[in-house]
Structure formats: structure tokens, C-alpha cells
Amino acid sequence: MEDSSDDAVTTERLVRPGADDVERAAEAALRPRRFDEFVGQRVVRDQLSLVLEAAVQRGRAPDHVLLSGPPGLGKTTLAMIIAAELGAPLRVTSGPAIQHAGDLAAVLSSLEEGEVLFLDEIHRLARPAAELLYVAMEDFRVDVIVGKGAGASAIPLALPPFTVVGATTRAGLLPAPLRDRFGFTGHLDFYAIDELERVLVRSAGLLGVELKADAGYEIASRSRGTPRIANRLLRRVRDWAQVRGDGRLDLAAANAALTVYEVDALGLDRLDRSVLVALCTRFGGGPVGLTTLAVAVGEEPETVETVAEPFLVREGLIGRTARGRVAMPTAWEHLGLTPPPLSGTLVF
Ligand SMILES: Nc1ncnc2c1ncn2[C@@H]1O[C@H](COP(=O)(O)OP(=O)(O)OP(=O)(O)O)[C@@H](O)[C@H]1O
């Protein structure tokens, strides 16, 4: 299939895990529709398919499902697959989209029997909406408030059975009573390189391009364990091959394209590298405070902390200590620098 929604070229960083609406539209064409197309996450997939199959056999709506994990790993995709496997309609909304409990009451009271309600970023639901939701999940009822002030009264409205699929990047932020209403919780982990290679082969097929195995490996290893990033890099390599190359997605094209887009062998981009370079060359590997480090790279501390650091810490390139950020031995190695004699000694 040709990718007609071409294409979410954005000025944001290429290796960010999240996506805006434009990019989500481009992603839609590559989204797996059934479990057998969904690569990796074998444990969650097996457990979930059992939950669904059992519910289908009983002719009942399955337990509510909570999916947790970092952005871009397939939570929305799984929610869509759940609805497809159940043959049920899917309603999509998100915590931030629901401003008031009344908004959620309106959604809930219009659900059809068996419908799947996907609530993205469920941890961002305001407390009154969260309270309304867990009553609805447990008792299949919403209390509709009629009137105002002292004369207001609650009229219980029965709801047909439905299934909530909640997605969150921060499961720990969910109020305990809401978390307890989910009969099944699945945690999605970062993907291995060979799994991302499979994602890429599938996506290349859907985009109607041939991806050479070595190019697939190269793109996968720069994709930070995240299918969304893998697909995004694939689209940029395809651009390069079309405009500057001979159309083939081979290793040379992958390397050249990812050099143009400044995504290095580990999947670090310019911001990540400038943090590492500043830490190693200007502060001798640290420890250095976040604010000082941010000034050195010309960014806000929040940007360094939330955009660059999570991956650098996850990859063991930098460490956070009580006295500030430190470069780990792998950071020096990655930059091709020699650490000073005492660096790597952590003082916690
Ligand atoms: N297991 C997978 N197999 C194949 N493709 C995948 C898989 N997981 C995700 N993708 C691809 O990555 C893209 C992003 O996935 P998805 O939107 O489901 O992530 P998410 O976890 O919901 O992210 P967010 O938290 O930002 O909403 C999808 O469009 C899909 O094409």
C-alpha cells in the first residue's frame, strides 16, 4: 500500500517517542490490526489474547484492561486490536480531553453494549472524573446530577456492559481505587533490535518499498527500542533513497539519511550529544547541576531533564547523583574521548 498521508515531516526531534496529530495520521497506515501482526511483547500479547478469547467464549465483555509503558510502544495499537478481536466498536478519548466529570458521563451514557472505551493518558483524568469512572467500571452505572446547589439530586443511570482500555505512561499516578478496577494490567517494554527489524520489514511492505536486511538492522539499532521511532526513521530513509539515492533502501542509504538527520549509531540526536559533550568536555564528566548543564547547551533545564536525559540514563550514558549529573564510562567511549583518571567514581 502506498503511504498517501505523506508525511509528518516535523521540526521536532526525529527520535522523540511521542507523536502529534499529523504524525498519528501518517502512522495509521502502518498500525497492526490484529494480534498476529503485532510484533513482540509476547507475554502481554499471550495474556491479553487469553482474556479476550475467554470473554468471547462466555459471550461477555472482558475485564477492563490497563496498558502501561513509555510512548510509542503500541498501547493505542493494542486498544484497537482488542476492539477488533472482540468485534466491538471502539470509542477513543483521553484524560486531558475530559475537562469535567460531566464530559465523561456523557461519553459513558452513550456507550453501546460491549463497546471498548479507550482512555489514553488515563493518569491525567481529573479526580472527579476518575471517581465517576471507577464507579461506572465497577457497577456499570453513572449518577446523573439534576439541578444545582442544595436542590441537586443524583439519578442513577444504568450502563450496558462495556470494557475500558486505559493507557498510561505513568501507572503509579493512577489513584489506587481506579487502578484496582482493572482486571488485567499489561506493561509494555522497549523492543529488542530484532523485533524492531520485524516492525520495519512489515512497514516497508506496507509502504511499498524493499528494505535490505542490513539497512533494517541499522535503522532498528538507532530507534531507541521504540516502533514509532523506527517507522519514523524508515520514512526519512525512504525520502533520502528517493531524492538522493537510487530508490533502494540499503545500508548506504540508511547511513547517509541518518547522518543527514543527525541520528547517530546509538539513536542519539544533536541535543543528546550536546548534553554528553558538554558534560564530558566542559565539566570533566561531572558531577554538574542540571541548571548549569542546561545553560551550557543553551536549553531549558526542563528540556534537558525530560527530553534528553531519560534515554541517556536508560542507556547508561549518564548517571544522576545527589551532587549532579555524571558521565558514565560508556559516554566517554561513545564520544571517542578518554575519561580523566578519576571520572567514573560516583559519589552518591
Ligand atoms: N508491536 C508493534 N508491532 C508493529 N508496529 C507497532 C507495534 N507497536 C507500535 N507499532 C507502531 O508504532 C506506532 C505507535 O504505536 P502506538 O500509537 O500504539 O503507541 P502508544 O504506546 O499508544 O503511544 P502514545 O503513548 O504516544 O499514545 C503505531 O502506529 C504502529 O505502527
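The C-alpha centres of domain 2 and domain 3 are 28 Å apart. Domain bounds here come from an automatic or database domain assignment. The structure is a predicted model, in which local features need pLDDT of at least 70 and side-chain atom pairs count only at pLDDT 80 or more, while totals for chains, interfaces and linings use all residues. Residues are numbered from 1 along each chain as its sequence is written.

**Exercise 1. The chain as a whole**

Task: State which domains the chain has, and how many helices and strands.

Solution:
- Step 1. The domain assignment gives domain 1 (41-187), domain 2 (193-260) and domain 3 (270-335).
- Step 2. The chain holds 14 helices and nine strands. Helices (H or I, at least four residues) and strands (E, at least two) are DSSP runs, numbered from the N terminus.
- Step 3. Along the principal axes, the C-alpha atoms fill a box of roughly 70 × 50 × 30 Å.
- Step 4. Of the 348 residues in the chain, 38% are buried. A residue is buried if 20 or more other C-beta atoms lie within 10 Å of its own, exposed if 12 or fewer, and partly exposed in between, with C-beta atoms placed from the backbone.
- Step 5. Take the contacts between residues at least 6 apart in sequence: 68% of them join residues at least 24 apart. Two residues are in contact if their C-beta atoms, placed from the backbone, lie within 7 Å.

**Exercise 2. The shell around the ligand**

Task: Find how many residues surround the ligand, and which domains supply at least three of them each.

Solution:
- Step 1. The ligand is surrounded by 24 residues, and E27, P71, G74, T76 and T77 are the closest. A residue is near a molecule if its C-beta atom, placed from the backbone, lies within 6 Å of it.
- Step 2. Domain 1 (41-187) and domain 2 (193-260) each give at least three residues to this shell.
- Step 3. Helices α3 (75-86) and α9 (227-243) each supply at least two shell residues.
- Step 4. By type, the shell has 10 nonpolar, nine polar and five charged residues. Here Ala, Val, Leu, Ile, Met, Phe, Trp, Tyr, Cys and Pro count as nonpolar, Asp, Glu, Lys and Arg as charged, and the others, Gly among them, as polar.

**Exercise 3. Two annotated arginines**

Task: Decide whether R320 is buried, exposed or partly exposed, and do the same for R325.

Solution:
- Step 1. An unreviewed UniProt entry places the feature "binding site" at R320 and R325. UniProt positions are given in the numbering used here, feature names are shortened, and annotations may be inferred rather than shown by experiment.
- Step 2. R320 lies in strand β8 (residues 318-321), and R325 lies in strand β9 (residues 324-327).
- Step 3. R320 has 16 C-beta neighbours inside 10 Å, so R320 counts as partly exposed.
- Step 4. R325 has 25 other C-beta atoms within 10 Å and is therefore buried.
- Step 5. Neighbours within four places in sequence are left aside; R320 is then in contact with V313 and R325. On the same terms, the contacts of R325 include L279, G286, P287 and R320.
- Step 6. Two of those contacts of R325, G286 and P287, are joined by a cis peptide bond, with omega near 5°. P287 is in the loop between α11 (270-282) and α12 (290-297).

**Exercise 4. Positive phi outside glycine**

Task: Say in which loop E121 lies and in which loop R224 lies, then sort E121 as buried, exposed or partly exposed and R224 likewise.

Solution:
- Step 1. E121, a residue other than glycine, has a positive phi near 45°. E121 is in the loop between β3 (116-120) and α5 (127-139).
- Step 2. Because 19 other C-beta atoms lie within 10 Å, E121 is partly exposed.
- Step 3. R224 is not a glycine either, and its phi is positive at about 55°. The loop that holds R224 runs between α8 (213-221) and α9.
- Step 4. Because R224 has 27 C-beta neighbours inside 10 Å, R224 counts as buried.

**Exercise 5. A hairpin**

Task: Give the sense in which β4 and β5 pair, and name the residue opposite V144.

Solution:
- Step 1. Strands β4 (residues 141-146) and β5 (residues 153-158) pair in the antiparallel sense over six bridges. Two strands pair if DSSP finds at least two bridges between them.
- Step 2. I155 in β5 stands opposite V144.
- Step 3. The two strands form a hairpin with six residues between them, and G147 in the turn has a positive phi of about 85°.
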